[in-house]
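Open your viewer and set it up so that you can select residues by number. We will go from one stop to the next, and each stop says what to pick and what is there.

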Amino acid sequence: MKYCCELCGRIYDETLGDPAHGIAEGTAFCDLPIDYTCPVCGSEKEAFCKQEGTVQRPIPMKGNDRAFWNDVKYGLAPDDSTR
C-alpha cells in the first residue's frame, strides 16, 4: 500500500519502506513510529493519506520550495489576497 503526504506529495510505499530514515522494507504504515514525519516537508504522520491505484512520484523539491512548504506547515505562507 502507498501513502501520500497531503502537504508535499511525498509517497511512502510500504514495500520499499524508508531505509534512508531507518524504516525497513515491508514496514506497514500503521507500524511507523508515532513521531514519524515526512522526510521532505516535516509533516506529521497524520498528514499522509492512503493512495488507491497508480501514484506518480512528485517532482523533488529544491531549496526555496522546501522553505515554502515549511512556511505552509506553520501557517506562514503568503496570503493570496495581498497579490
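Start by selecting tyrosine 3: this residue of the predicted model is buried, with a relative accessible area of 14%. Its place is in strand E1, which covers residues 2-5.

Now add phenylalanine 29 to the selection. Phenylalanine 29 is buried too, at a relative accessible area of 9%. Both values fall under the 20% cut-off, and therefore both residues count as buried.

Look at the two rings together. Tyrosine 3 and phenylalanine 29 form a stacked aromatic pair, with 4.2 Å centre to centre and 15 degrees between the planes. This pair links distant parts of the chain, 26 residues apart: phenylalanine 29 sits in the loop between strand E2 (11-13) and strand E3 (48-51).

Keep phenylalanine 29 and select tyrosine 12. Here the pair is tilted, at 5.9 Å centre to centre and 55 degrees between the planes. Tyrosine 12 belongs to strand E2, and the two partners are 17 residues apart. Like phenylalanine 29, tyrosine 12 is buried.

Next, widen the selection to the whole cluster: Tyr3, Tyr12, Phe29, Tyr36 and Phe48 are linked by ring pairs. The count for the chain comes to 5 aromatic pairs.

Before leaving phenylalanine 29, show lysine 45. Lysine 45 lies over the face of the phenylalanine 29 ring, at 5.4 Å from the ring centre.

Time for the cysteines. How many disulfides are there? The count comes to 0. Select cysteine 41 and cysteine 5: their sulfurs are 3.6 Å apart, and cysteine 5 holds the nearest cysteine sulfur to cysteine 41. A disulfide needs sulfur atoms within 2.5 Å, so cysteine 41 is in none. Cysteine 41 is buried, with a relative accessible area of 3%.

Move on to cysteine 49, whose nearest cysteine sulfur is that of cysteine 4, 5.3 Å away. Cysteine 49 is in no disulfide either. At 22% relative accessibility, cysteine 49 counts as partly exposed.

Finally, clear the selection and switch to a cartoon view of the chain. You should find 1 helix and 3 strands, running β-β-β-α from the N terminus on. Of the 83 residues, 33% are buried. Among contacts between residues at least 6 apart in sequence, 49% join residues at least 24 apart. If you turn on a surface, the chain exposes about 5800 Å², and carbon and sulfur atoms supply 52% of that area.

How values were computed:
Residues numbered from 1 in each chain as written. Predicted model: local features only at pLDDT ≥ 70, side-chain atom pairs only at ≥ 80, totals over all residues. Heavy atoms only, no water. Buried < 20%, exposed > 50% of the residue type's maximum accessible area, 1.4 Å probe, protein only. Phe/Tyr/Trp six-rings, centres within 6.5 Å; stacked < 30°, edge-to-face > 60°. Helix = DSSP H or I, 4+ residues; strand = E, 2+ residues; numbered from the N terminus. Lys NZ or Arg CZ within 6 Å of the ring centre and 35° of its normal. Contact = heavy atoms within 4.5 Å. Areas by Shrake-Rupley, 256 points an atom, 1.4 Å probe, with all protein chains shown as cover.
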